[in-house]
Amino acid sequence: MEEGMEYDIAIVGGGPGGYVAAIRAAQLGAKVALVEKERLGGTCLNRGCIPTKALARSAEAFHEVKVAQDFGVETSTVAINFPQIIARKNSVVNALVGSIEQLMRAGGIKVYDGLGRLTSPRTIKVDEEEVKAKRIILATGSVPARIPVPGLDLPGVVTSNEILDIAEFPSSLVIIGGGIIGVEFASIFGVLGSKVAIVEMLPQIMPPVDDEISRRFGQVLRSQGVEVHTGAAVKMVQGESPNLEVVFDTAKGEKTVTGEMVLVAVGRSPYTEGLGLAEIGMKMNRRAVAVNEYLETNIPGVYAIGDAIGGIMLAHVASYEGEIAVANALGGEQRVDYRVVPNGIFTYPEIAGVGMMEKEVRDAEIPYKISRFPFSALGRAQVMGETTGTVKLICNAETGKVLGMHIMGPHATDLVQEGALAMQLGATAEDISHTIHSHPTLPEAIMEAALGQGLGSIHLRKI
Ligand code: NAI
């Protein structure tokens with residue numbers, strides 16, 4: 001671009017918040033710049049959603065071959081080739097990063113390769129270059145949170161970033177933090193054959209999940225051989241790999257679990273330091289950039305989206321926010337609406353939810369009815385040999401409208417979208433059950449749960 005020219009929108013951060021915003025802005029005819037210090041795709045594509053799901057797919061393939069005999073398929077020895085698992089994960093990531101690079105070129109979006117710092121509300125400095133724009137969107141994401149526990153710098157103690165590129169498969173893994181990242185890695189490494197232990201501070205694992213599902217999943221994890229310690233406050237990590245010791249306090253006193261590797265997964269913090277924000281007077285909520293319901297910061301013309309603003313730290317929320325921020329940056333007046341945000345946890349079996357949890361409905365004193373349908377009663381799940389889990393549907397007892405849907409079971413992360421659409425359209429359980437569901441498929445479990453709100457599920461004896 002010629003000297004002195006100004007972009008309509010410049011975006012800092014090329015993750016699922018930033019790159020989606022860039023494409024959206026280009027579609028709307030804006031002149032767009034995107035600044036990225038590493039690779040396009042951000043955490044989600046390079047160190048999060050996609051690489052972990054690639055690893056989970058390898059774990060699933062391994063599991064399927066191991067149980068192949070149950071399906072009448074004879075196999076000889078089954079073993080994992082860990083370097084090949086990592087290589088496949090890398091090739092999936094590389095292909096997707098390449099696609100985003102192509103999308104940027106196709107959209108005429110200028111990508112600046114470097115760390116962007118705001119030097120004014122209209123200027124971003126990328127190394128020695130100045131990028132000027134009428135509007136700026138901050139989409140800088142997040143980094144693994146740190147906790148002040150001694151021993152976390154020992155060799156063999158890793159975050160969710162490093163564990164994606166380890167050279168050797170650990171025979172045992174202790175995971176500090178039983179949140180989403182913790183349980184996803186517990187499933188992956190557990191299925192691949194590591195001895196896994198989770199150490200979680202709270203009384204229950206996976207805090208953002210419906211209590212009932214979280215409790216049931218805890219049982220499933222234990223039955224898969226994962227050791228789960230809850231109400232466990234980690235004091236220190238000591239020793240040397242392969243005998244790293246994680247020491248923690250419980251109500252019953254001090255305990256220790258030993259592992260070859262320790263994964264620290266205690267949350268993520270917005271990445272907002274060193275970007276010139278304080279210098280230009282940006283209002284913050286601790287580490288997160290403070291925004292209003294139009295996603296604008298206290299500095300007019302500067303917007304922020306995604307993990308950088310805290311809130312719901314999910315890739316698809318960042319992308320949604322990207323679209324809203326772009327619309328507003330170009331003169332619109334769109335408010336964010338977080339009522340329908342599906343979430344998916346890629347464990348074995350999968351977990352997903354949308355809308356209110358049972359506890360939230362109870363606390364809000366909304367009249368509600370719960371219906372459940374177990375996958376064990378579903379033809380397709382029997383065919384697949386994947387019968388663990390349930391669909392739990394929460395509806396308004398007066399209007400029948402869907403308030404929440406929580407699923408543990410095969411393809412839960414795909415299935416939950418039916419609940420999201422129902423909620424978005426204000427549909428009732430009857431709307432769902434009157435919609436013909438094709439047979440034999442997994443979504444029939446949702447139809448059956450919806451029938452349970454009325455006369456009753458068809459394939460479930462009333463108790
Ligand atoms: P998280 O907030 O989900 O869980 C962190 C867990 O660590 C909490 O249960 C917390 O109680 C525990 N913890 C904190 N300090 C501890 C200590 N000293 N000792 C023991 N336990 C401790 O954070 P997580 O799992 O690191 O994930 C970060 C973010 O990434 C989340 O916002 C999550 O939603 C997102 N994410 C989403 C995924 C998905 O949607 N499938 C997958 C992975 C991450």
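## Exercises on the meeting of domain 2 and domain 3

Across the interface of domain 2 and domain 3, 5 residue pairs are in polar contact, both residues being at pLDDT 80 or more (a pair of N or O atoms within 3.5 Å, where within protein one must be able to donate a hydrogen and the other to accept it, and residues adjacent in sequence count only if both atoms are side-chain atoms). This is a predicted model, in which local features need pLDDT of at least 70 and side-chain atom pairs count only at pLDDT 80 or more, while totals for chains, interfaces and linings use all residues. Residues are numbered from 1 along each chain as its sequence is written, and side-chain values use heavy atoms, with hydrogens and water left out.

**Exercise 1.** Describe the area buried between domain 2 and domain 3.

*Solution.* Begin with the total, which is about 950 Å², with carbon and sulfur atoms giving 64% of it; buried area is the accessible area (1.4 Å probe) that two parts lose on being put together, summed over both. Then turn to the side of domain 2, where D210, E212 and I213 supply 51% of the area buried against domain 3, more than any other three residues.

**Exercise 2.** Find how many salt bridges cross the interface of domain 2 and domain 3, and examine the one that E212 forms.

*Solution.* First apply the rule, a side-chain nitrogen of Lys or Arg within 4 Å of a carboxyl oxygen of Asp or Glu, which finds 3 salt bridges across this interface. Next look at E212, whose partner is R372, with the closest N and O atoms 2.7 Å apart.

**Exercise 3.** State which spans of the chain make up each domain.

*Solution.* By an automatic or database domain assignment, domain 1 covers 7-143 + 269-329, domain 2 covers 157-266, and domain 3 covers 349-451. As a last step, place the C-alpha centres of domain 2 and domain 3, which lie 29 Å apart.
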